[in-house]
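Thanks for coming, everyone. Let me put the structure up, and then I'll walk you through what I found.

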Amino acid sequence: MAAVCEVSKERPIQDNPCSSGEARISAAQKREERLKRFRDLHLKRSESRKLNHQAVAEEDRILKLPTNWESKKTRLEWELKVEEKKKECLEKGEDYERVKLLEISADDAERWERKKKKKNSDPGFSDFAAAQFRQYQRLVKQIKPDMEEYQKQKDDAGEEFYATANSLMHGNHVPSKAGVDRLVADVEKQIEKRAKYSRRRRYNDDADIDYINERNANFNKKAERFYGKYTAEIKQNLERGTAV
(Lines give C-alpha, C1' and ligand atoms only; values in the text may rest on other atoms or scores of the structure.)
Protein backbone atom coordinates (compact mmCIF):
# COMPACT_ATOMS: atom_id res chain seq x y z
CA MET A 1 0.00 0.00 0.00
CA ALA A 2 2.85 2.36 0.80
CA ALA A 3 4.47 1.59 -2.56
CA VAL A 4 1.35 2.52 -4.41
CA CYS A 5 1.27 5.82 -2.57
CA GLU A 6 4.86 6.56 -3.47
CA VAL A 7 4.20 5.79 -7.13
CA SER A 8 1.22 8.10 -7.16
CA LYS A 9 3.34 10.88 -5.68
CA GLU A 10 6.09 10.44 -8.26
CA ARG A 11 3.63 10.45 -11.27
CA PRO A 12 1.56 13.70 -11.19
CA ILE A 13 -1.90 13.73 -12.78
CA GLN A 14 -1.77 15.19 -16.35
CA ASP A 15 -4.56 17.53 -17.73
CA ASN A 16 -6.80 16.40 -20.53
CA PRO A 17 -5.52 17.97 -23.79
CA CYS A 18 -9.05 18.19 -25.26
CA SER A 19 -10.42 20.27 -22.38
CA SER A 20 -7.48 22.73 -22.49
CA GLY A 21 -7.93 23.24 -26.25
CA GLU A 22 -11.62 23.97 -25.87
CA ALA A 23 -10.84 26.52 -23.18
CA ARG A 24 -8.36 28.33 -25.46
CA ILE A 25 -10.90 28.38 -28.31
CA SER A 26 -13.60 29.70 -25.98
CA ALA A 27 -11.31 32.48 -24.74
CA ALA A 28 -10.41 33.43 -28.32
CA GLN A 29 -14.09 33.56 -29.30
CA LYS A 30 -14.92 35.77 -26.34
CA ARG A 31 -12.03 38.04 -27.19
CA GLU A 32 -13.19 38.23 -30.83
CA GLU A 33 -16.74 39.05 -29.71
CA ARG A 34 -15.47 41.80 -27.45
CA LEU A 35 -13.38 43.27 -30.27
CA LYS A 36 -16.35 43.11 -32.62
CA ARG A 37 -18.56 44.89 -30.09
CA PHE A 38 -15.84 47.51 -29.60
CA ARG A 39 -15.58 48.07 -33.38
CA ASP A 40 -19.38 48.38 -33.62
CA LEU A 41 -19.42 50.93 -30.80
CA HIS A 42 -16.60 52.84 -32.46
CA LEU A 43 -18.50 52.95 -35.77
CA LYS A 44 -21.68 54.06 -34.02
CA ARG A 45 -19.79 56.80 -32.20
CA SER A 46 -18.24 58.01 -35.45
CA GLU A 47 -21.64 57.97 -37.17
CA SER A 48 -23.33 59.88 -34.31
CA ARG A 49 -20.49 62.42 -34.30
CA LYS A 50 -20.95 62.93 -38.04
CA LEU A 51 -24.71 63.33 -37.70
CA ASN A 52 -24.30 65.78 -34.83
CA HIS A 53 -21.88 67.86 -36.88
CA GLN A 54 -24.29 67.91 -39.81
CA ALA A 55 -27.17 68.92 -37.52
CA VAL A 56 -25.12 71.74 -35.97
CA ALA A 57 -24.01 72.98 -39.40
CA GLU A 58 -27.61 72.91 -40.66
CA GLU A 59 -28.86 74.76 -37.60
CA ASP A 60 -26.16 77.41 -38.01
CA ARG A 61 -27.09 77.81 -41.68
CA ILE A 62 -30.77 78.26 -40.79
CA LEU A 63 -29.96 80.82 -38.10
CA LYS A 64 -27.95 82.88 -40.58
CA LEU A 65 -30.89 83.00 -43.01
CA PRO A 66 -33.49 85.83 -42.90
CA THR A 67 -36.41 85.38 -40.52
CA ASN A 68 -38.95 84.99 -43.32
CA TRP A 69 -36.78 82.75 -45.49
CA GLU A 70 -39.20 79.82 -45.38
CA SER A 71 -42.12 81.92 -46.58
CA LYS A 72 -39.94 83.48 -49.29
CA LYS A 73 -38.77 80.04 -50.39
CA THR A 74 -42.35 78.78 -50.56
CA ARG A 75 -43.36 81.87 -52.51
CA LEU A 76 -40.49 81.48 -55.00
CA GLU A 77 -41.29 77.80 -55.50
CA TRP A 78 -44.92 78.66 -56.12
CA GLU A 79 -43.97 81.39 -58.64
CA LEU A 80 -41.65 78.93 -60.39
CA LYS A 81 -44.49 76.41 -60.69
CA VAL A 82 -46.78 79.12 -62.04
CA GLU A 83 -44.24 80.13 -64.68
CA GLU A 84 -43.78 76.52 -65.74
CA LYS A 85 -47.55 76.08 -65.93
CA LYS A 86 -47.88 79.22 -68.05
CA LYS A 87 -45.20 78.01 -70.46
CA GLU A 88 -46.91 74.64 -70.69
CA CYS A 89 -50.29 76.26 -71.43
CA LEU A 90 -48.67 78.57 -73.99
CA GLU A 91 -47.12 75.62 -75.81
CA LYS A 92 -50.49 73.82 -75.86
CA GLY A 93 -52.35 76.97 -76.94
CA GLU A 94 -54.53 77.05 -73.83
CA ASP A 95 -55.62 79.94 -71.64
CA TYR A 96 -53.74 79.80 -68.33
CA GLU A 97 -56.46 81.60 -66.35
CA ARG A 98 -59.08 79.15 -67.57
CA VAL A 99 -56.87 76.14 -66.77
CA LYS A 100 -56.15 77.56 -63.31
CA LEU A 101 -59.85 78.02 -62.57
CA LEU A 102 -60.56 74.47 -63.70
CA GLU A 103 -58.05 73.14 -61.16
CA ILE A 104 -59.58 75.07 -58.21
CA SER A 105 -62.15 73.14 -56.23
CA ALA A 106 -65.44 74.63 -55.06
CA ASP A 107 -64.34 74.51 -51.41
CA ASP A 108 -61.14 76.44 -52.16
CA ALA A 109 -63.04 79.03 -54.19
CA GLU A 110 -65.56 79.52 -51.39
CA ARG A 111 -62.77 79.87 -48.84
CA TRP A 112 -61.02 82.49 -50.96
CA GLU A 113 -64.27 84.45 -51.30
CA ARG A 114 -64.79 84.44 -47.54
CA LYS A 115 -61.20 85.58 -47.06
CA LYS A 116 -61.69 88.47 -49.50
CA LYS A 117 -64.83 89.59 -47.67
CA LYS A 118 -63.08 89.56 -44.30
CA LYS A 119 -60.11 91.53 -45.62
CA ASN A 120 -60.19 95.25 -44.78
CA SER A 121 -60.46 97.10 -48.06
CA ASP A 122 -59.54 100.44 -46.46
CA PRO A 123 -55.75 100.51 -45.93
CA GLY A 124 -55.83 104.03 -44.44
CA PHE A 125 -53.43 106.79 -45.43
CA SER A 126 -49.94 107.83 -44.48
CA ASP A 127 -49.80 111.45 -45.72
CA PHE A 128 -52.04 114.21 -47.02
CA ALA A 129 -51.59 113.16 -50.66
CA ALA A 130 -52.88 109.68 -49.83
CA ALA A 131 -55.80 111.23 -47.90
CA GLN A 132 -56.66 113.44 -50.88
CA PHE A 133 -56.56 110.42 -53.20
CA ARG A 134 -58.90 108.49 -50.87
CA GLN A 135 -61.30 111.43 -50.90
CA TYR A 136 -61.18 111.52 -54.69
CA GLN A 137 -61.87 107.79 -54.91
CA ARG A 138 -64.82 108.11 -52.55
CA LEU A 139 -66.32 110.98 -54.50
CA VAL A 140 -65.87 109.15 -57.81
CA LYS A 141 -67.72 106.11 -56.44
CA GLN A 142 -70.63 108.35 -55.48
CA ILE A 143 -71.03 109.70 -59.02
CA LYS A 144 -74.13 108.42 -60.80
CA PRO A 145 -73.82 109.47 -64.45
CA ASP A 146 -76.92 110.62 -66.31
CA MET A 147 -76.59 108.94 -69.71
CA GLU A 148 -79.47 110.93 -71.23
CA GLU A 149 -77.83 114.24 -70.31
CA TYR A 150 -74.50 112.89 -71.55
CA GLN A 151 -76.00 111.98 -74.92
CA LYS A 152 -77.73 115.38 -75.17
CA GLN A 153 -74.45 117.26 -74.54
CA LYS A 154 -72.71 115.03 -77.07
CA ASP A 155 -75.33 115.78 -79.72
CA ASP A 156 -75.20 119.52 -79.02
CA ALA A 157 -71.41 119.71 -79.18
CA GLY A 158 -71.00 117.51 -82.25
CA GLU A 159 -67.40 116.94 -83.26
CA GLU A 160 -66.20 119.41 -80.66
CA PHE A 161 -67.33 117.05 -77.90
CA TYR A 162 -63.99 115.21 -78.14
CA ALA A 163 -61.52 118.02 -77.52
CA THR A 164 -58.35 118.35 -79.54
CA ALA A 165 -55.50 120.87 -79.65
CA ASN A 166 -57.67 123.18 -81.79
CA SER A 167 -60.85 122.96 -79.70
CA LEU A 168 -62.36 126.21 -78.42
CA MET A 169 -65.06 124.85 -76.12
CA HIS A 170 -63.21 125.60 -72.90
CA GLY A 171 -65.41 127.71 -70.60
CA ASN A 172 -68.55 127.39 -72.70
CA HIS A 173 -70.14 124.68 -70.59
CA VAL A 174 -72.95 125.84 -68.30
CA PRO A 175 -73.87 123.34 -65.56
CA SER A 176 -77.49 122.50 -64.99
CA LYS A 177 -79.40 123.55 -61.88
CA ALA A 178 -79.62 119.92 -60.74
CA GLY A 179 -75.86 119.56 -61.03
CA VAL A 180 -75.28 122.74 -59.01
CA ASP A 181 -77.70 121.52 -56.34
CA ARG A 182 -75.85 118.21 -56.11
CA LEU A 183 -72.54 120.05 -55.71
CA VAL A 184 -73.95 122.31 -52.99
CA ALA A 185 -75.47 119.35 -51.14
CA ASP A 186 -72.19 117.44 -51.29
CA VAL A 187 -70.15 120.42 -50.03
CA GLU A 188 -72.59 120.98 -47.15
CA LYS A 189 -72.39 117.30 -46.30
CA GLN A 190 -68.59 117.48 -46.21
CA ILE A 191 -68.70 120.56 -43.98
CA GLU A 192 -71.13 118.87 -41.61
CA LYS A 193 -68.99 115.74 -41.46
CA ARG A 194 -65.81 117.76 -40.90
CA ALA A 195 -67.45 119.66 -38.05
CA LYS A 196 -67.96 116.40 -36.15
CA TYR A 197 -64.24 115.71 -36.14
CA SER A 198 -62.22 117.14 -33.26
CA ARG A 199 -58.54 116.79 -32.77
CA ARG A 200 -57.64 115.79 -29.25
CA ARG A 201 -55.62 118.59 -27.75
CA ARG A 202 -53.02 117.83 -25.13
CA TYR A 203 -53.41 121.17 -23.39
CA ASN A 204 -56.56 123.14 -22.63
CA ASP A 205 -56.01 126.75 -23.63
CA ASP A 206 -58.79 127.99 -21.31
CA ALA A 207 -57.45 126.23 -18.21
CA ASP A 208 -55.55 128.13 -15.51
CA ILE A 209 -51.78 127.89 -15.71
CA ASP A 210 -50.63 126.58 -12.33
CA TYR A 211 -47.41 124.87 -13.39
CA ILE A 212 -43.91 125.86 -14.44
CA ASN A 213 -43.04 122.91 -16.68
CA GLU A 214 -44.50 119.66 -18.00
CA ARG A 215 -43.27 117.60 -15.07
CA ASN A 216 -44.87 120.02 -12.61
CA ALA A 217 -48.12 119.91 -14.63
CA ASN A 218 -48.27 116.12 -14.35
CA PHE A 219 -47.61 116.31 -10.62
CA ASN A 220 -50.39 118.88 -10.18
CA LYS A 221 -52.81 116.66 -12.09
CA LYS A 222 -52.04 113.70 -9.84
CA ALA A 223 -52.38 115.84 -6.71
CA GLU A 224 -55.69 117.22 -7.95
CA ARG A 225 -56.95 113.74 -8.72
CA PHE A 226 -56.21 112.38 -5.23
CA TYR A 227 -56.58 115.43 -2.98
CA GLY A 228 -58.69 117.86 -5.00
CA LYS A 229 -61.91 117.25 -3.10
CA TYR A 230 -60.14 117.87 0.24
CA THR A 231 -58.36 121.07 -0.80
CA ALA A 232 -61.11 122.66 -2.89
CA GLU A 233 -62.27 125.00 -0.09
CA ILE A 234 -58.71 126.04 0.81
CA LYS A 235 -57.95 126.75 -2.82
CA GLN A 236 -61.09 128.90 -3.21
CA ASN A 237 -60.21 130.89 -0.07
CA LEU A 238 -56.71 131.48 -1.38
CA GLU A 239 -58.07 132.68 -4.72
CA ARG A 240 -60.55 135.05 -2.96
CA GLY A 241 -57.93 136.21 -0.49
CA THR A 242 -60.01 135.26 2.54
CA ALA A 243 -57.79 132.45 3.79
CA VAL A 244 -57.02 132.58 7.54
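Let me start with a question: how far apart are E79 and R75 in helix α3? They are four residues apart, which means about one helical turn lies between them. Before I go on, please keep in mind that this is a predicted model.

So, that pair. The E79 and R75 side chains form a salt bridge, with 3.3 Å from N to O. Helix α3 covers residues 69-92. Neither partner is buried: E79 is partly exposed at 33% relative accessible area, and R75 is partly exposed too, at 48%.

Stay on helix α3 for a second, and look at K92 and E88. Their side chains also meet in a salt bridge, at 3.2 Å from N to O. The spacing is four residues again, so about one helical turn separates K92 from E88. Here K92 counts as exposed, with 54% relative accessibility, while E88 is partly exposed at 34%.

Now over to helix α7, which runs from 147 to 157. Which side chain does K152 meet in a salt bridge? The partner is D156, with an N to O distance of 3.4 Å. K152 and D156 are four residues apart in helix α7, so once more we have about one helical turn. K152 is partly exposed, at 46% relative accessibility, and D156 is exposed, at 58%. If you search the whole structure, you get ten salt bridges, and the three I've shown are among them.

Let's zoom out to the fold. How many helices and strands are there in the chain? Nine helices and zero strands. So if you read along the sequence, you just get α-α-α-α-α-α-α-α-α.

What about burial? The chain has 244 residues, and buried ones make up 4% of them. Buried here means under 20% relative accessible area. On the contact side, take the contacts with a separation of 6 or more: residues 24 or more positions apart account for 16% of those. The chain exposes about 24600 Å², and 55% of that comes from carbon and sulfur atoms.

Okay, two surface patches, and then I'm done. The first one I'd like to show is nonpolar. F133, Y136, V140 and I143 make a patch of about 420 Å² on the surface. Where does I143 lie? In the loop between α6, residues 128-142, and α7. Is I143 buried or exposed? I143 has a relative accessible area of 55%, so it counts as exposed; the cut-off for that is over 50%.

The other patch is charged. Which residues gather in a patch of negative charge on the surface? They are D208, D210, E224 and E239. If you want to find D208 on the screen, go to the loop between α8, which is 177-196, and α9, which is 214-240. D208 is exposed, at 65% relative accessible area.

To recap: nine helices with zero strands, ten salt bridges, a nonpolar patch that includes I143, and a negative one that includes D208. Right, that's my part, over to you for discussion.

Note on methods. Residues numbered from 1 in each chain as written. Predicted model: local features only at pLDDT ≥ 70, side-chain atom pairs only at ≥ 80, totals over all residues. Heavy atoms only, no water. Patch = residues over 30% accessible without salt bridge, like charges linked within 9 Å, V, L, I, M, F, W, Y side chains within 5 Å. Areas by Shrake-Rupley, 256 points an atom, 1.4 Å probe, with all protein chains shown as cover. Salt bridge = Lys/Arg side-chain N within 4 Å of Asp/Glu carboxyl O. Lys, Arg positive; Asp, Glu negative; His and termini not counted. Charge placed at Lys NZ, Arg CZ, Asp CG, Glu CD. Buried < 20%, exposed > 50% of the residue type's maximum accessible area, 1.4 Å probe, protein only. Contact = heavy atoms within 4.5 Å.
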